[in-house]
Amino acid sequence: MYTFEDLKKIMETLRSENGCPWDREQTHESLKKYFVEECAEVLEAIDNKDTENLCEELGDVLYQIMIHTEIEKEKGNFTIEDVVDGICRKMVGRHPGVFGGEPVEGNLSREELWEALKRREREERKSSRKKP
């Protein structure tokens with residue numbers, strides 16, 4: 001069975017000089033329609049309760065994530081590890097009741113809590129950008 005590390009190497013190979021010409025020429029803009037199509041196919045598989053197709057379509061969405069990330073890695077902007085780190089930090093930070101952390105004050109609904117945590121993240125990002 002292939003691993004996530006294999007997927008990273010496959011994507012690097014596809015985008016390399018000796019890789020696939022189609023993959024190599026793709027840009028964020030040229031891939032937008034495919035991302036939308038793949039997401040729509042995921043939703044269709046969910047609606048049809050077709051778990052076999054859902055697995056395949058989620059793989060196609062993951063390919064989209066990987067190729068967009070590879071494009072940015074080539075530019076030196078970020079890597080798939082940065083994407084994974086970011087979503088992990090976000091989920092841990094937004095679930096203080098599960099992972100610990102600073103609770104948000106008040107008697108809030110789940111939706112209100114989620115929005116309060118998002119606001120706190122934005123404020124923290126703004127203040128960290130201002131620091132030299």
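Is Glu5 buried, exposed or partly exposed? I looked this up first and noted that Glu5 counts as partly exposed because its relative accessibility is 42%, where buried means under 20% relative accessible area, exposed over 50%, and partly exposed in between (1.4 Å probe, protein chains only).

**Entry 1, ground rules.** I am working with a predicted model, in which local features need pLDDT of at least 70 and side-chain atom pairs count only at pLDDT 80 or more, while totals for chains, interfaces and linings use all residues. Residues are numbered from 1 along each chain as its sequence is written, and side-chain values use heavy atoms, with hydrogens and water left out.

**Entry 2, salt bridges around Lys8.** I took a salt bridge to be a side-chain nitrogen of Lys or Arg within 4 Å of a carboxyl oxygen of Asp or Glu, and the structure holds 9 of them. One of these joins the side chains of Glu5 and Lys8, at 3.2 Å from N to O. Because they are 3 residues apart in helix α1 (residues 4–15), Glu5 and Lys8 are separated by about one helical turn; for helices I used DSSP runs of H or I with at least four residues, numbered from the N terminus. Lys8 counts as buried, since its relative accessibility is 15%.

I then followed Lys8 to a second partner, Glu81, with which its side chain meets in a salt bridge of 2.3 Å, N to O. Lys8 lies in helix α1 and Glu81 in helix α5 (residues 80–93), so this pair ties together parts that are 73 residues apart in sequence. Glu81 is partly exposed, with a relative accessible area of 41%.

**Entry 3, a pair in α7.** I also looked up Glu115, which forms a salt bridge with Lys118, the closest N and O atoms being 3.6 Å apart. Both residues lie in helix α7 (residues 110–130), 3 residues apart, or about one turn of the helix. Glu115 is partly exposed at 35% relative accessible area, and Lys118 is partly exposed at 24%. Returning to the earlier residues, I noted that salt bridges with shared partners join Glu5, Lys8 and Glu81 into one network.

**Entry 4, the negative patch.** Glu37, Glu41, Glu44, Asp47, Glu52 and Glu56 form a negative surface patch, a patch being made of residues with over 30% relative accessible area and no salt bridge, with like charges joined within 9 Å. The elements giving two or more residues to this patch are α3 (28–47) and α4 (51–75), and α3 gives the most, with 4 residues. Glu52 is found in helix α4 and counts as exposed because its relative accessibility is 69%.

Notes
Patch = residues over 30% accessible without salt bridge, like charges linked within 9 Å, V, L, I, M, F, W, Y side chains within 5 Å. Areas by Shrake-Rupley, 256 points an atom, 1.4 Å probe, with all protein chains shown as cover. Lys, Arg positive; Asp, Glu negative; His and termini not counted. Charge placed at Lys NZ, Arg CZ, Asp CG, Glu CD.
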